[in-house]
Amino acid sequence: MDFNILVLGSGAAVPTFSRSCSAQLVTLNGVRMLVDCGESTQNKLRQSHQKMQAIRTIFISHLHGDHFFGLPGLLSTMHLCGRTEPVTVYAPKGARESIELLFAVSGTTLRYELNIVDIDVSKPTVIHTDRRLSVKAFPLYHSIETYGFLFEEETPLLNLRPSVRSQYGMTNDQCVAVKNGADLTLDDGTVVPNNLLTYPRRRPRRYAYCCDTAPNDELVSVLQGVDLLCIESTFDDAFTDMAQERCHCTASQAATLAARAGVRQLMLTHFSARYHEMEPLLAEATAIFPNTVCAADGETYSIPYQTL
Ligand SMILES: [Zn+2]
Ligand SMILES: [Zn+2]
């Protein structure tokens, strides 16, 4: 199954012509999940030909406007377009009250069920599960309560090699057992080892989203070995003091964290509106962690399967 991250917004607090405020659509095992919802997210979904009604779950990292102000509009549009399926939003405390107040004063009523769940965790904690995937929230280090998210797939089932089913006359129950790692015992007592029946096991994939945050040693263990780390890089090294003051990362700090955590690939995002070209930030990051990309609005980044 594809594991895709569609970037809907890669800008920081002030949107620009080419970069909207933070939002991503994460698709795993056919499940579409929205991560952050800055202003214009619903327009970006339309421009990317994504069906907003297919989104059942939304994760909000924190309540700064560039990550949150698009949510009331998106929820309202879902209603106006006839939605009846429930929506669950995971967000820091205060999201539910602010949405309820906004809907009350604007006379907005939804025909679908909206569940807003407070995130309140002090260490990586599973807050959501769906089709063979789970999502953990963990604290980030920003100027207000902020969480990162770790999207993890369960260990994939093994795939049968061609024709083994008919060759051994396997029943459905035997196929399920073999896909879960069992050997096959034939009627005459012969045992066929699992590795002759299946392809090598694929490693479960993991995607981490960290936006917004200052660098912190605690993140090294949380992010250890993830396939793709998306972390904010609001500034380049010339603005290290400003980054520290505002609880953000520079490109070098993001790359250092990626290197220490041993991630496979790094994606930088949340770029200050002062940058029109990303080369300086990319150069700073790749000098420390070569396998780095800069997120771009409208681009999809995939995490391929790896065998164990
Ligand atoms: Zn932000
Ligand atoms: Zn912020």
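Buried residues, defined as those with 20 or more other C-beta atoms within 10 Å of their own, C-beta atoms being placed from the backbone, make up 40% of the 308 residues in the protein chain. The model is a predicted one, in which local features need pLDDT of at least 70 and side-chain atom pairs count only at pLDDT 80 or more, whereas totals for chains, interfaces and linings use all residues. Residues are numbered from 1 along each chain as its sequence is written, and chains are lettered from A and ligands numbered from 1 in the order in which they are written.

The radius of gyration of the protein chain, taken over C-alpha atoms, is 22 Å, which agrees with the value near 19 Å for a compact globule of 308 residues under the rule of 2.2 Å times the number of residues to the power 0.38. Along its principal axes, the C-alpha trace spans about 70 × 50 × 35 Å.

The largest nonpolar core, a set of buried Ala, Val, Leu, Ile, Met, Phe, Trp, Tyr and Cys residues joined through C-beta atoms within 7 Å, holds 73 residues, of which Y207, L229, A254, L266 and L268 touch the most other members. The largest share of this core, 6 residues, is contributed by helix α10 (residues 251-261), helices being DSSP runs of H or I with at least four residues, numbered from the N terminus.

S61, located in the loop between β4 (57-59) and α2 (65-68), is buried, because 29 other C-beta atoms lie within 10 Å. The C-alpha atoms of S61 and C175 are 41 Å apart in space, with the two positions 114 residues apart in sequence numbering.

Methods: A residue is buried if 20 or more other C-beta atoms lie within 10 Å of its own, exposed if 12 or fewer, and partly exposed in between; C-beta atoms are placed from the backbone. Helices (H or I, at least four residues) and strands (E, at least two) are DSSP runs, numbered from the N terminus.
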